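This report looks at the cysteines, the cavities and the overall build of one chain in the structure shown below. It begins with the question of disulfides and then turns to internal space and chain shape.

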Amino acid sequence: MPDPAVMTGCILAGVLYGLLGSFCMARNQALLGDVISHAAWPGLVLALGLTGSRHFGVLGVGAALVGFMALISLEYLGKGSTRIKPDTRLALVLSGFFAAGMLFTRQVQTSRPGSMGHLHSFLFGQTAALVWMDTAVMATVLIPTMILVWLRWRDLSALCFDPQWRQTTPHANGATPAILNGLLVIGIVAGLPVAGVVLVSALLVCLPVTARSLTNRFSSGILVAMGLGATLGALSPLVVMLTESIFRHWRGNDDARLPTGPVFVLLGVTCSGLSLGLKNMRQRKIQRMGRNHASC
Amino acid sequence: MLPVEWEVLLVACLTSLACGLTGSISILRRQALLGDALGHSLLAGIGIGFWVLGSSSSPWLFAFAVTSGMMAVGLSEWVSRAVGGNQSMALGLVFPAFFSIGVVLISLAPKSAHIDLDRVLTGNMDLAPLERLQWRDMDLGPLSAWTLSCSLVLMASFVWLFHRSLIWHLFDPQGAKAAGMVLWPLSLAWLLLSAVTISLAFETMGTVMVVSLLVAPGATAWMLTRSINSYLAVTCLAAIASGLTGRGITMFLDASTTATTAISSIIIFLLAYFLAPREGIFARWRDGVKARREIEMRMLLVHLWHHELLGDESTECSEATMAQHLGLATQKIRATLNSLESRKLVYPSDGIWKTTQQGKIKARDQMSGSEASR
């Protein structure tokens, strides 16, 4: 069995991404998570270079700060000029922030030798490096997020599905979109030790897509996405362990190391592919029945 | 033979030129993130190719990479059609899946494989001169320079040959379809060429930073130009400039050429974004200020003329009363009157302001113009 810290961490990350991803998908911002997670990389590098700390609590603050900067620059690029289209904006911010992080890696490598290897576990996610500290960070992010979503449920769902209508209601709070974006950034950063910088966006998409094709209500969709995230999160370290041990016996190479992020993503994408296929089949069946009925 | 620094510079310029040209067309197709997606999905092909071929240096690996990129694009088109046109969702599902397959396959490979996952993501242009092209014991320079120039020539000749139909296809797809043009061979050829370019550039640039070289030169040109030919020309110039500045930054800063090239392309874009003569942020701000000042001047001129007609200019046309009645600061009124005076439309006479003959004509034109438009 994997370490309990690893299991708890993966489950918490799954729940977190199911929750946040549902809001992302409902607001049609499927690729926003991609941008924020790539922008978190320079934050991690800078935090490591400035503090020399290896605690995720410290590194995560840097990552979240730079994530906010990416979000702000994305909004500013959109407001400043209408000539730059949304997809170009996303691509520019994503690669620009990542490149800015790579600019400093060599300096950090020379000033703090040996510490960059620790950061590499954040690229794809590595359960071997997961400790109770990381899990605690995830829990401290997840619990307030859930409470906030519970308290502001009506406003948040109005923001997702009918922002114009929301503006006309007396209870519309100007801070709600900012709060949602803030939760998104902090949540994405908190799950990085499990999912890794590159593959976070896939988790933010595949969990809600699966949930959406299984349910008809937003609230139950969120619960399904969170549950699915927890299940797949618990499964992925098991799959990683199993595959690694099989490879050790079968091919006899002891250094087969599998990162968790890709395994988690492959499980999730398989689920969403299956559920989308099922939904399509059901729709076709209904259409066929309708046609038969009409021809009678 | 060139020294190593110059070879790196050559590779940087060629990479950014090839990527910039490819990306400029993807911007016009509103698919700027396709480069990111393609770059990530190549990894599945590399992983599979490694397990099938058993080596990480075979040239066939390249064919595997291109094929998997094309397959991922096709699959994501199919998925987005199946779920009802949500393209970003399809991109977000298909490409990470391909990337994950690649990461899993490569990490399970034995250590002797020498495919470094970090290098896949971050690239390393400084190592480009290590792989040489040799012909009969003759050293012909870095291999990536040759392959990138080949892809550049292919892309440029593609744009050159299919110039007309490409423009039609990009700006008026419905019209092209209605005229009986068959679009898919053009799309497929373009996709194949971009997959080839990205998989060649990916060893030097990595999967993430290649995106800035793909998008930033095109976006720079998009801010600066208004016709397709000048757009392509400025894209190429911006790409070469980012290669040169990128290499230049590494002389002062201890950083990889990959990162500096990517960041300098972004810096060049930001310069264009703020300073572009017509569309830049500062130009638009300046135009706004100018337009506001013009309106204030016209309003004040009409005000003076109106009160002269009514005959109460002695009480209404002093600076203090105008400031009070129009709700503007006295300094603002004075500045506006001064600029009107410099155009010889008004003149001061014992404490009040009067319109000149020219000013009267202008004010009347203003009013009749606005009445006519009403």
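A disulfide is taken here as a pair of cysteine sulfur atoms within 2.5 Å. The model under discussion is predicted, and by this rule the count of disulfides over all chains comes to zero.

Two cysteines illustrate how this result arises. The sulfur of A:Cys271 has its closest cysteine sulfur in A:Cys206, and because the two are 7.9 Å apart, they are too far from each other for a bond. In chain B, the closest cysteine sulfur to that of B:Cys150 belongs to B:Cys19, and the separation of 15 Å is likewise too far for a bond. As for solvent exposure, A:Cys271 has a relative accessibility of 22% and therefore counts as partly exposed, while B:Cys150, with a relative accessible area of 48%, is also partly exposed.

| Cysteine | Closest cysteine sulfur | Sulfur–sulfur distance |
|---|---|---|
| A:Cys271 | A:Cys206 | 7.9 Å |
| B:Cys150 | B:Cys19 | 15 Å |

How many cavities of 30 Å³ or more does the structure hold? There are seven of them, and the largest has a volume of about 190 Å³. Its lining is made up of 17 residues, of which A:Asp34, A:Ser201, B:Asp36, B:Phe95 and B:Pro96 lie nearest the centre of the cavity. The elements that contribute two or more residues to this lining are α2 (32-51) and α4 (86-111) of chain A, together with α2 (34-53) and α4 (87-107) of chain B. Of the contributing elements, α4(B) gives the most to the lining of the largest cavity, namely five residues. Sorted by class, that lining comprises 12 nonpolar, three polar and two charged residues.

Chain A itself contains 14 helices and zero strands, and from the N terminus on, each element in its order is therefore written as α. The C-alpha trace of chain A spans about 75 × 55 × 35 Å along its principal axes. For a chain of 296 residues, a compact globule would have a radius of gyration near 19 Å, and the 21 Å of chain A agrees with this. Of the 296 residues of chain A, 56% count as buried. Among the contacts in chain A with a separation of 6 or more, 79% are accounted for by residues 24 or more positions apart.

How values were computed
Residues numbered from 1 in each chain as written. Chains lettered and ligands numbered in written order. Predicted model: local features only at pLDDT ≥ 70, side-chain atom pairs only at ≥ 80, totals over all residues. Heavy atoms only, no water. Buried < 20%, exposed > 50% of the residue type's maximum accessible area, 1.4 Å probe, protein only. 1 Å grid on protein atoms, 1.4 Å probe; cavity = no way out; pocket = protein on both sides within 12 Å on 5 of 7 lines; lining within 4 Å. Points joined across faces, edges and corners; volume = space filled by probe spheres on them. Helix = DSSP H or I, 4+ residues; strand = E, 2+ residues; numbered from the N terminus. Nonpolar A, V, L, I, M, F, W, Y, C, P; charged D, E, K, R; others polar. Rg over C-alpha atoms; globule rule 2.2 N^0.38 Å. Contact = heavy atoms within 4.5 Å.
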